[in-house]
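Trainee: I should like to take a close look at one part of this assembly, namely a place where two chains meet. Could you please guide me through it in detail?

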Number of protein chains: 4
Amino acid sequence: MKLSSATLMLNAALTEAQRLGVSVCISIVDAAAWPMAFMRMDDAPLGVIDVSNKKARTAVLFQMDSADFAKIAHPDAGAYTLENTNGGLTSFGGGLVLRAADGVLVGAIGVSGASTEDDIAIARAAANILTA
Amino acid sequence: MKLSSATLMLNAALTEAQRLGVSVCISIVDAAAWPMAFMRMDDAPLGVIDVSNKKARTAVLFQMDSADFAKIAHPDAGAYTLENTNGGLTSFGGGLVLRAADGVLVGAIGVSGASTEDDIAIARAAANILTA
Amino acid sequence: MKLSSATLMLNAALTEAQRLGVSVCISIVDAAAWPMAFMRMDDAPLGVIDVSNKKARTAVLFQMDSADFAKIAHPDAGAYTLENTNGGLTSFGGGLVLRAADGVLVGAIGVSGASTEDDIAIARAAANILTA
Amino acid sequence: MKLSSATLMLNAALTEAQRLGVSVCISIVDAAAWPMAFMRMDDAPLGVIDVSNKKARTAVLFQMDSADFAKIAHPDAGAYTLENTNGGLTSFGGGLVLRAADGVLVGAIGVSGASTEDDIAIARAAANILTA
């Protein structure tokens, strides 16, 4: 994935967040979980910086959206404590796997700061750029 | 335990994983929890590197398979939060204690990347080398 | 400092880096050292992600450019080992304090990936936005 | 890089270490610094496990052999404290960049446990596999 794609996604996420009237952090990582781009909107709580980072990291490391990761890492599910690995992972929505139009995994995006539903919608608006 | 034994176990685990058609990471540690050997099969998700390490570490540090550790570290069990010690432990199957033919603890093996059942089967195929 | 200012600085830094024909990472932090914005240009080595972050962090935490910090933290200077504090700091150029037109400290920028001279020039091109 | 290549390199390194009569650890990472394969020879000191890992990590993150990294990260050189980034890096020989026959960076190998000269020779014997 190129920085130009990440920049388009950041802008799409910012536009969607403004439309929803919320302040979030947006983190984009490559397919090996290394940071590519990050932005924190004015008024986002400081604590969500790391949350958006970890959502993106969780999604790409296990090749699944963080909301799906939550299902397997729950105390009553099969892989409880999985969230303790890899420096700490995030078991709720807002981290989406990024795939190119041909389906290849190219990275992940994490959004945090609004409701989980809005976080997911913002991340989705960004991810759609890659397959538009 | 000698590296020659660890190498035999790695090969047995790889053979079993290939037979099952899955991609996993395999970590072998000695009786003091220090890494001896590690391999990541092509196409295993990056997140499972640390999971296989932690499964092996969990098993040897508490001298029990990680699936048994899960029973005591669950939120409803007697030692909840035990998984937060020692840099983070893993409360699900795939980490097996390694014992020599005379029953002496010589280390542990962790396997991650497939279903928990397959992870355990692969680890078992490797562990059986020591008592064959 | 607002995200809108950070975005202007990121763009100015990218433009200067492209003019110099180099690939860098650019990190902008606020006056409390919390990340505001980050971008990694295509082909920048992965190791410089953390370097750009630490340059920005070093500058804002001690309210001096990282090249000045280098003078006091060198083994032969008065505060040797200061670079071991705060999770690890960076004793060479490329981290600049950001001040508003009235001189108030508003954050810092770190640039890494090119020669130290170019890193500083890129960071300076961005910092100048605030006082233009 | 495939595991099959990493395995060939591990074996070449072990053969060279045995020829030299030394005990080392050997770490192979991919182009994004993620572990691919690791082996610790019998009698290698426990402390060199992390050294071999960090040598490989240093080489790939900055796309240069760790002996070259040492030149820029020395207290009297231009990037002093660079070794404090990325979780701690290694400023001496034994970490080699791995390149395919076409010159593309595919990962790195770190060897530690013998003299630096022998560590480098062992790593070189492994790296040569890729271009043979």
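Mentor: What follows is a description of the interface of chain C and chain A, with a second interface added afterwards.

Please keep in mind from the start that this is a predicted model. Let us begin with the extent of the interface. On the side of chain C, 18 residues are in contact with 18 residues of chain A. The area buried between these two chains is about 1600 Å², and carbon and sulfur atoms give 62% of that area. Within chain C, the residues that lose the most area to chain A are Leu3(C), Met39(C) and Arg40(C). Together, these three residues account for 33% of what the side of chain C buries.

Which elements of chain C supply this surface? Helix 1 (3–20) and strand 2 (35–40) of chain C are the elements that give two or more residues to the side touching chain A. Of these, strand 2 of chain C gives the most, with six residues. Sorted by class, the residues on this side of chain C comprise 13 nonpolar, one polar and four charged.

Strand 2 of chain C also pairs across the interface. Three bridges join strand 2 of chain C to strand 2 (residues 35–40) of chain A, and the two strands run antiparallel. One can follow this pairing at the level of residues: Met39(C) is the bridge partner of Ala37(A). Met39(C) is also among the residues of chain C that lose the most area to chain A.

We turn next to the polar and charged groups. The rule finds two salt bridges across the interface of chain C and chain A. In one salt bridge, Arg40(C) is joined to Asp30(A), with the closest N and O atoms 2.8 Å apart. Across this interface there are also eleven residue pairs in polar contact.

For comparison, consider the interface of chain A and chain D. Here the contact takes six residues from chain A and six residues from chain D. The two chains bury about 360 Å² between them, with 66% of it on carbon and sulfur atoms. In chain A, Ala32(A), Trp34(A) and Leu61(A) lose the most area to chain D, together 84% of what that side buries. The side of chain A that touches chain D has four nonpolar residues, one polar residue and one charged residue. Across this interface the rule finds zero salt bridges and two residue pairs in polar contact.

How values were computed. Residues numbered from 1 in each chain as written. Chains lettered and ligands numbered in written order. Predicted model: local features only at pLDDT ≥ 70, side-chain atom pairs only at ≥ 80, totals over all residues. Heavy atoms only, no water. Contact = heavy atoms within 4.5 Å. Buried area = accessible area lost by both parts, 1.4 Å probe. Salt bridge = Lys/Arg side-chain N within 4 Å of Asp/Glu carboxyl O. Polar contact = N/O pair within 3.5 Å; in protein donor to acceptor, adjacent residues only side chain to side chain. Helix = DSSP H or I, 4+ residues; strand = E, 2+ residues; numbered from the N terminus. Nonpolar A, V, L, I, M, F, W, Y, C, P; charged D, E, K, R; others polar. Pairing = 2+ DSSP bridges.
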